[in-house]
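Colleague: Could you take me through the surroundings of the ligand in this one, strand by strand? I'd like a close look at that part and at the sheets next to it in your account.

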Amino acid sequence: MSEQTLSNLMHEDRRFEPPADLAENANVKAEAYDRADADREAFWAEAAERLDWGRKWDQVLDWSNPPFAKWFVGGTLNAAVNCVDRHVEAGRGDKVALHWVGEPIHDGVADTRDITYAQLKDEVSKAANALTELGVQKGDRVAIYMPMIPEVVVAMLACARLGAPHTVVFGGFSADALASRITDCEAHVVITSDGGYRRGAASALKPAVDEAVEKTGDLVRNVLVVRRTGQDVDWHGREEGGRDVWWHDVVDNASTDHEPEMHDSEHPLYVMYTSGTTGKPKGILHTTGGYLAGTSYTHWSVFDLKPETDVYWCTADVGWVTGHSYMVYGPLANGATQVMYEGTPEKGRWWQIVQDYKVTIFYTAPTAIRTFMKQGREIPDGYDMSSLRLLGSVGEPINPEAYIWYREVIGGGRCPVVDTWWQTETGQIMISPLPGVTAGKPGSAMKALPGISADVVDDEARSVGNGNGGYLVLREPWPAMLRTLWGDDQRFKDTYWSRWPGLYFAGDGAKLDEDGDIWLLGRVDDVMNVSGHRLSTTEIESALVSHPKVAEAAVVGAADDTTGQAVCAFVILRDSAGDGGEDIVEELRKHVAKEIGAIAKPRQIMVVPELPKTRSGKIMRRLLKDVAEHREVGDVTTLADSTVMDLIKSKETSAPAED
Ligand code: PRX
């Protein structure tokens with residue numbers, strides 16, 4: 001975002017007051033900020049009281065060995081019991097937990113399933129018994145690579161029930177990406193499906209698992225496969241000494257009785273891999289008690305959830321943290337009724353679902369909103385969306401145009417928009433308006449939630465004060481914070497806590513406006529945000545360099561109207577590759593998709609003779625970004641060879657790719 005846009009934004013004077021009835025009946029009122037300020041730990045203890053504990057904690061927070069936090073120390077609980085069993089025991093077994101909507105429509109009828117809390121309890125218990133049968137024990141890691149079908153929720157909760165941390169890998173990632181995650185967390189069991197439906201066609205998943213399992217030697221003992229599409233799969237069943245097991249063979253026949261163990265509050269719940277500034281993804285570790293307290297409290301407060309009457313829908317894929325915190329753990333811990341949709345947002349389908357299920361709370365990403373804006377308001381205008389009462393946004397800064405369109409066209413001008421800032425690492429929403437309290441400003445995530453301490457600081461860690469910009473930091477530990485990086489405490493310290501002692505550095509730039517409200521400005525490190533998904537420049541560079549024709553690569557995130565940022569790559573070919581051949585660009589794009597996944601495919605690749613480097617050899621990505629964004633190239637005086645940029649600019653002819 002340029003300084004110019006930013007100063008326009010900060011003079012944005014539109015304000016949207018909370019609707020009067022929402023404000024009056026809001027779950028959280030303005031007093032919560034003061035209460036949390038007065039005693040942060042007491043505030044979070046109260047949030048943790050929302051959960052059912054086997055044994056209550058002795059200590060709310062142990063921060064004696066920073067940055068390694070322990071929350072609700074000495075307490076025990078079971079995440080699956082909190083998300084499922086307790087609602088059944090409280091007499092709400094017949095309440096729908098998931099209105100699942102499949103992508104295919106046959107003869108005008110969608111493929112749907114409604115799953116009640118009682119049914120979910122049975123399914124989770126059966127899956128827990130089946131996993132036990134497959135040798136999964138407390139502490140073992142289980143990898144999950146699945147489409148958006150109810151079984152993925154069942155699988156995650158079954159793991160949580162057993163205390164076997166899951167690692168869900170987004171179904172769009174490649175076999176290589178899956179293999180590296182399986183290896184890093186040493187998962188012996190993988191849960192997958194034959195495939196899933198995307199854009200009207202069955203798309204296979206099992207072949208990628210087979211390839212990944214092959215790459216990991218003897219590590220994976222079993223692959224548990226849900227039949228979703230019925231497509232052909234290569235099968236190596238146990239009867240022939242293979243690893244493959246059908247879900248319907250072992251889960252459907254398992255007992256619905258499963259005695260849950262209460263796990264320590266700090267017992268690992270899951271590992272979620274996310275891109276960092278190096279080529280190797282980071283395994284973000286979340287544990288049980290704090291994570292569940294943080295996600296359930298924020299889901300209830302930020303979305304003002306009324307579990308009896310609301311129908312909530314978060315459109316995120318379960319392969320990302322938003323799917324974990326605000327589709328699985330937060331909403332289910334709160335006993336919500338929610339929609340889960342298998343497919344992609346083809347024109348009008350989302351709004352049809354809002355209409356059919358009378359969705360009241362809707363949570364999505366700015367990139368989706370911008371795509372719908374482009375398609376035109378006629379499409380959503382064709383549906384009755386009067387059930388909606390609250391809208392949420394996550395994943396990247398929402399530009400004021402998109403905010404206003406979302407509010408007016410989707411929300412009919414009556415729904416508050418909560419722009420929620422958080423990260424895989426934070427586990428829970430950290431900065432957001434409270435819908436019954438805050439007068440929202442289009443484009444600002446507003447203030448840290450009660451119990452959260454965010455600040456914007458300069459290079460010397462001094463608060464910049466209102467009206468100024470700097471780095472976003474978090475000053476105090478919070479319940480759902482990451483505990484470490486899987487198997488790498490040192491990298492955890494170095495990445496988040498070393499820049500300034502005692503401060504968590506989020507990697508984002510931000511500004512405080514004259515009222516002290518926070519405006520997020522995007523990443524200040526080598527992390528890109530493409531359609532709200534995090535990608536590392538280094539990871540894509542490594543993928544490019546692994547191609548035999550490539551000598552060197554530099555990747556930048558360039559501004560893009562729809563996806564926020566787009567991947568733009570500059571490559572130098574090896575001498576032996578000559579000019580690379582006619583299809584070199586397409587060849588390299590496909591290579592990146594194979595190495596990482598289709599989301600990482602560069603929008604644009606430029607083959608260049610040189611890259612701009614400082615005298616110490618560091619690539620000056622800032623200059624490449626200028627080229628990718630068609631700007632006048634900035635200051636080149638620190639370049640080892642200042643003519644390089646002229647060479648690169650003379651090459652700036654390749655057209656952006658279409659897909
Ligand atoms: O740069 C911020 C951006 O997304 C990053 C976190 O990405 P990830 O861990 O993949 O989690 C995405 C979903 C929580 C942040 O460092 N980001 C996320 N939400 C916002 C945002 N930037 C601006 N405004 C937001 N609401």
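Modeller: Sure, one term before we start: two strands count as paired here if DSSP finds at least two bridges between them. Keep in mind, too, that this is a predicted model. With that in hand, take strand 18 (residues 361–364) and strand 19 (residues 390–394), which pair in the parallel sense over 4 bridges. If you want a spot to click on, Tyr363 stands opposite Gly392 in strand 19.

Those two strands belong to an open sheet of 7 strands, and its order runs 5-4-17-16-18-19-20 with mixed pairing. At the edges you'll find strand 5 (109–116) and strand 20 (417–420), each of them pairing on one side only. On average, neighbouring strands in this sheet are turned by 20° against each other, ignoring direction.

Helices pack on this sheet as well. Helix 6 (residues 117–133) touches strand 4 (96–106) and strand 5, and its direction makes about 80° with that of strand 5. Helix 12 (residues 321–333) touches strand 4, strand 16 (311–314), strand 17 (337–341), strand 18 and strand 19. The direction of helix 12 makes about 150° with that of strand 17.

Now to the ligand. There are 16 residues around the ligand, and the ones that come nearest are Asp419, Thr420, Thr424, Asp508 and Arg534. By class, that shell has 5 nonpolar, 6 polar and 5 charged residues. For polar contacts, start with Gly395: one of its backbone N or O atoms lies 3.1 Å from a nitrogen atom of the ligand. Gln423 uses its side chain instead, with an N or O atom 2.9 Å from an oxygen atom of the ligand. Then there's Asn529, where a polar side-chain atom lies 3.4 Å from an oxygen atom of the ligand. As for cover, the ligand on its own has 540 Å² of accessible area, and the protein covers 96% of that. Two elements give two or more residues to the shell, namely strand 20 and strand 25 (518–523).

Strand 20 you've already met as an edge of the 7-stranded sheet. Strand 25 sits in another open sheet, one of 4 strands in the order 21-22-24-25 with antiparallel pairing. Strand 21 (454–457) and strand 25 are the edges there, each with a single partner strand, so one side of each has no neighbour in the sheet. Neighbouring strands of this 4-stranded sheet are turned by 45° against each other on average, again ignoring direction. The partner of strand 25 is strand 24 (residues 504–512), and the two pair in the antiparallel sense over 4 bridges. Within that pairing, Lys511 has Trp519 in strand 25 as its bridge partner.

One last stop is Ser531, in the loop between strand 26 (527–530) and strand 27 (533–536). Ser531 has a positive phi of about 50°, although it is not a glycine.

Key
Residues numbered from 1 in each chain as written. Predicted model: local features only at pLDDT ≥ 70, side-chain atom pairs only at ≥ 80, totals over all residues. Heavy atoms only, no water. Axes fitted to C-alpha atoms, helices over the stretch in contact; angles between N-to-C directions. Contact = heavy atoms within 4.5 Å. Near = heavy atom within 4 Å. Polar contact = N/O pair within 3.5 Å; in protein donor to acceptor, adjacent residues only side chain to side chain. Areas by Shrake-Rupley, 256 points an atom, 1.4 Å probe, with all protein chains shown as cover. Nonpolar A, V, L, I, M, F, W, Y, C, P; charged D, E, K, R; others polar.
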